[in-house]
Amino acid sequence: MQKKYECVNLSIDGDVATVQLNRPEKRNCLSPTLHRNMVDALNEVARAKCKVMVVTGTGDSFSAGMDLEQCFFEPFDDPDKFNDVNAPCFEWFTHLKSFPAVTVAKVNGWAFGGGFEIAGICDIVIAAEESVWGLSEINFGIFPGGGATWSYAHNMLRKQALFYALTGATFTGKEAVALGMANIAVPLKDLDAEVDKWVKNLASKGRTVLRKTKEVYEKSLRLTFAESMEWEMAKMWELSRETKDDWIRTALASFKKREFKPGLQSYTLTKNV
Ligand code: COA
């Protein structure tokens, strides 16, 4: 399924959705229309129960962040308008953070401010080595807001986080790996193939186990060890029921027959769980 919104392209191919920010002439900066399109696109992907959603940009940019004119400068003097324009942004950023599918940011170029934030919110980031990242807010007199501080602070170590937020210095996709903002960086020419490889890996896993792995990880960060252990086991039984005990009936039954080595391979899904 392909859908073209005014500023976003969406494609859904079985278990995998690809969402492209599409304002290349404006470096894919996030306009009010683009925000509204993202609210709709993410709802569509969630309804389709995809396992993986790739977020990327068209042209030479991932995203140059919030549209500084349409989201900030123009509506600034009308507080109602300012809120109306920016509410959809907070809505889809929040949805992205707790998204049921695994979210993969494919950072193909410029990633500033809100664009940097999107990558920071996603579960996995695969970047072009040549991509350029920056917390540019300090360069126009504010600090990273609307979740952008959360986003960099939860991925980078303190010294690095403060250095980049305070100076507005840029770094490359290659450097983003050591800085904790990306998992993998490859030359731009290899980016599609690298992302496809990991998307295929993810899509071979069960939908329920992918979703619950994310949920349990996020929740465990806020629990004590004892609380987390209890929560993990409760969620384990929930997973077992929702997948009709597939981990025992299919995966471990297959292991018992020595059909695969779980350390090196996934079991073969026989049900769409
Ligand atoms: N908001 C509004 N417009 C933006 C924008 C943004 N965040 N980022 C880029 N644009 C616009 C430019 O103003 C320009 O518009 P024009 O053609 O009407 O003049 C167009 O997109 C192309 O940008 P340009 O600056 O010419 O491209 P470049 O390739 O030389 O530089 C950037 C790319 C990303 C370095 C530069 O556009 C930039 O600094 N953008 C702002 C980044 C930022 O601070 N984002 C944080 C927002 S929270």
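This passage describes the ligand site and one helix packing arrangement in a predicted model.

The ligand is surrounded by 15 residues, of which K26, A64, M66, L68 and S136 are the closest. By class, this shell comprises seven nonpolar, four polar and four charged residues. Polar contacts to the ligand involve side-chain as well as backbone atoms of the protein. On the side-chain part, a polar atom of K26 is placed 2.8 Å from an oxygen atom of the ligand. The side chain of R27 likewise has an N or O atom at 2.9 Å from an oxygen atom of the ligand. The backbone contributes through L68, a polar atom of which lies 2.9 Å from a nitrogen atom of the ligand. Taken on its own, the ligand has 860 Å² of accessible area, and the protein covers 62% of this area.

Turning to the helices, helix 1 spans residues 32-47 and helix 3 spans residues 79-97. The two pack at an angle of about 30°, and their axes are 8 Å apart. The crossing of helix 1 with helix 3 is left-handed. On helix 1, the contact is formed by P32, H35, R36, M38, V39, L42, N43 and A46. These residues meet V85, P88, C89, E91, W92, H95 and L96 of helix 3. The contact between helix 1 and helix 3 consists of 10 nonpolar, three polar and two charged residues. R36 of helix 1 and E91 of helix 3 are among the residues that take part in this contact.

Note on methods
Residues numbered from 1 in each chain as written. Predicted model: local features only at pLDDT ≥ 70, side-chain atom pairs only at ≥ 80, totals over all residues. Heavy atoms only, no water. Near = heavy atom within 4 Å. Polar contact = N/O pair within 3.5 Å; in protein donor to acceptor, adjacent residues only side chain to side chain. Areas by Shrake-Rupley, 256 points an atom, 1.4 Å probe, with all protein chains shown as cover. Nonpolar A, V, L, I, M, F, W, Y, C, P; charged D, E, K, R; others polar. Axes fitted to C-alpha atoms, helices over the stretch in contact; angles between N-to-C directions. Helix = DSSP H or I, 4+ residues; strand = E, 2+ residues; numbered from the N terminus. Left-handed = near helix turned anticlockwise from the far one by under 90°. Contact = heavy atoms within 4.5 Å.
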